[in-house]
Amino acid sequence: RRAAFAELAAGQKVLQPACVYGSFSRQLARYLGPRGELEVLDVAPIQVASCRRKLRGIDHARVRLADTAHPGNGFYDAVCCFFLLHELPDDYRHRVVNALLERVPAGGKVVFVDYHRPHPAHPLKPVTRFIFRHLEPFAFGMWDHEIAGFANNADDFDWSKETYFGSLFQKVVARRRAAS
């Protein structure tokens, strides 16, 4: 969470595609502050209702029902995609990555935080493999493909990547270049 927030700034307009468990959205809204805007979307009505409760009393945050592959036509200073991609099959992941990249103007960025192929000797690799096999079957796609590889216009962005906890997790940032 700290790594994702470090890519954002107070006062920004941020899209969070997909509600997440815990207090992430509330903390992100507070981090952006009252001059910022947070828009959270999710395809599941139960998740939207839960997130609305979590964000109650924060006037600069809103939640709406929407498919992340079709987030609308608005533009944002940044998009914070936190542990969503591993939930999607590769073909749909491709659509979502492109839809999110389209939502930022020149200088805007999309921050992806998700699973990554862990170091071969990582002690949790067998456990993670078991969990993915039985509970998260699309997550293996995060081990097999770079996030930038899902982008149709990857060359329109400067890409950076950091891994954490023995490469089990990754933060990938795509910053849109100015038009030439």
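In this predicted model, about 210 Å³ of space lies in the second largest pocket. Its lining is made up of Arg1, Arg2, Ala3, Ala4, Phe82, Phe83, Val113, Tyr164, Phe169, Gln170 and Lys171, and by class these comprise 7 nonpolar, 1 polar and 3 charged residues. At least two residues of this lining come from each of α1 (2-5) and β7 (169-176).

The largest pocket has a volume of about 430 Å³ and a lining of 18 residues, of which Ala18, Cys19, Phe83, Leu84 and Glu87 lie nearest its centre. This lining divides into 12 nonpolar, 3 polar and 3 charged residues.

Aromatic rings form the next topic. The count of aromatic pairs comes to 13. The rings of Tyr115 and Phe169 have planes at 35°, an angle that is neither under 30 degrees nor over 60, so this pair is tilted. The pair links distant parts of the chain, with Tyr115 in strand β5 (residues 109-115) and Phe169 in strand β7, 54 residues apart. Phe169 also forms a stacked pair with Phe165.

| Ring pair | Centre to centre | Angle between planes | Arrangement |
|---|---|---|---|
| Tyr115 and Phe169 | 5.7 Å | 35° | tilted |
| Phe165 and Phe169 | 6.3 Å | 25° | stacked |

Phe169 counts as partly exposed at 25% relative accessibility, whereas Phe165, at 52%, counts as exposed. Both residues belong to a cluster linked by ring pairs, which also includes Phe5, Phe24, Tyr31, Phe82, Phe83, Tyr115, Phe132, Phe140 and Trp143.

Charged side chains also meet rings: the charged end of Lys13 sits over the ring of Tyr76, 5.2 Å from its centre, and that of Arg103 sits over the ring of Phe75, 4.9 Å from its centre.

Methods. Residues numbered from 1 in each chain as written. Predicted model: local features only at pLDDT ≥ 70, side-chain atom pairs only at ≥ 80, totals over all residues. Heavy atoms only, no water. 1 Å grid on protein atoms, 1.4 Å probe; cavity = no way out; pocket = protein on both sides within 12 Å on 5 of 7 lines; lining within 4 Å. Points joined across faces, edges and corners; volume = space filled by probe spheres on them. Nonpolar A, V, L, I, M, F, W, Y, C, P; charged D, E, K, R; others polar. Helix = DSSP H or I, 4+ residues; strand = E, 2+ residues; numbered from the N terminus. Phe/Tyr/Trp six-rings, centres within 6.5 Å; stacked < 30°, edge-to-face > 60°. Buried < 20%, exposed > 50% of the residue type's maximum accessible area, 1.4 Å probe, protein only. Lys NZ or Arg CZ within 6 Å of the ring centre and 35° of its normal.
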